[in-house]
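Biologist: I would like a close look at one part of this model. Please take a single residue, describe its surroundings, and then work outwards to the rest of the fold.

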Amino acid sequence: MGEAVLLDQTQLVELGEALGARLAPGEVIWLEGELGAGKTTLAQAIVRGLGVAETVTSPTYDLVHRYPAPDGSVYHVDCYRLRSPAEAAALDWEGLTSGRALLVEWPDRGGAWVARPSRRIELAHVEDPSRRRVRVEEAAG
């Protein structure tokens, strides 16, 4: 992964909004990290950066949320509640990747069913509870 940086919540939101504004159509973003590390906060900011005006919430219980953006649908998937990767097979990954962007929290829980990322973002707690360590990796090729 790329070099890690320490960000407070304001900086994390700014990063997400800037990233969303420059995502290429069809990008798949994996959001990885511990519970409470800021994955949903970052996803909300990315979706706002893509031009979505409505409130973005965690899809933990629904698994998938769809948001209409000016240039296509943005899908936000949270695999946290999957009991096994086989449950991810029931999701329409082809349809989810046909939109403007796909954000996936807890992608490891979906196993090989989860769409391959164009970027991976890892968030982690650090000693200072007001900051998070953030590392962004762009896919090669």
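Modeller: Glu-27 belongs to strand β2, which covers residues 27–33. The model is a predicted one. Glu-27 counts as buried because its relative accessible area is 10%, and the cut-off for buried is under 20%. Its side chain comes to 2.9 Å from the backbone nitrogen of Ala-24. The side chain of Glu-27 also makes a polar contact with the side chain of Ser-118, at 3.1 Å. Leaving aside residues up to four places away in sequence, Glu-27 touches Ser-118 and Arg-119, and also Arg-100, Ala-101 and Leu-102.

From the residue we can move to the sheet. Strand β2 sits between β6 and β5 in an open sheet of seven strands, ordered β1-β7-β6-β2-β5-β4-β3, with mixed pairing. At the edges are β1 (5–8) and β3 (64–69), each of which pairs on one side only. On average, neighbouring strands in this sheet are turned by 25° against each other, direction ignored. Strands β4 (residues 72–78) and β5 (residues 101–105) run parallel and are joined by five bridges. Within β4, Val-77 stands opposite Val-104 of β5.

Two helices come next. Helix α1, residues 9–22, packs on the sheet and touches β1, β6 (119–125) and β7 (131–138). The direction of α1 makes about 105° with that of β1. Helix α2, residues 39–49, lies across β2, β3, β4, β5 and β6. Relative to β5, helix α2 runs at about 175°.

That leaves the nonpolar residues. The largest nonpolar core has 22 residues, and the members that touch the most others are Ile-46, Val-74 and Ile-121. At least two residues of this core come from each of α1, β2, α2, β3, β5 and β6. The element that gives the most is α2, with four residues. Ile-46, which falls within the residue range of α2, touches Ile-121 and Leu-103, along with Gly-16, Glu-17, Leu-19, Gly-20 and Leu-23, again not counting residues up to four places away in sequence. A second core, separate from this one, has 15 residues, including Tyr-75, Val-77, Leu-82 and Leu-96. Val-77 thus appears twice in this account: as a member of the second core and as the residue opposite Val-104.

To return to the starting point, Glu-27 is a buried residue in strand β2, with side-chain contacts to the backbone nitrogen of Ala-24 and to the side chain of Ser-118.

Conventions
Residues are numbered from 1 along each chain as its sequence is written. This is a predicted model: local features need pLDDT of at least 70, side-chain atom pairs count only at pLDDT 80 or more; totals for chains, interfaces and linings use all residues. Side-chain values use heavy atoms; hydrogens and water are left out. Buried means under 20% relative accessible area, exposed over 50%, partly exposed in between (1.4 Å probe, protein chains only). A polar contact is a pair of N or O atoms within 3.5 Å; within protein, one must be able to donate a hydrogen and the other to accept it, and residues adjacent in sequence count only if both atoms are side-chain atoms. Contact means heavy atoms within 4.5 Å. Two strands pair if DSSP finds at least two bridges between them. Axes are lines fitted to C-alpha atoms, for helices over the stretch in contact, and angles run from 0 to 180 degrees between N-to-C directions. A nonpolar core is a set of buried Ala, Val, Leu, Ile, Met, Phe, Trp, Tyr and Cys residues joined through side-chain atoms within 4.5 Å.
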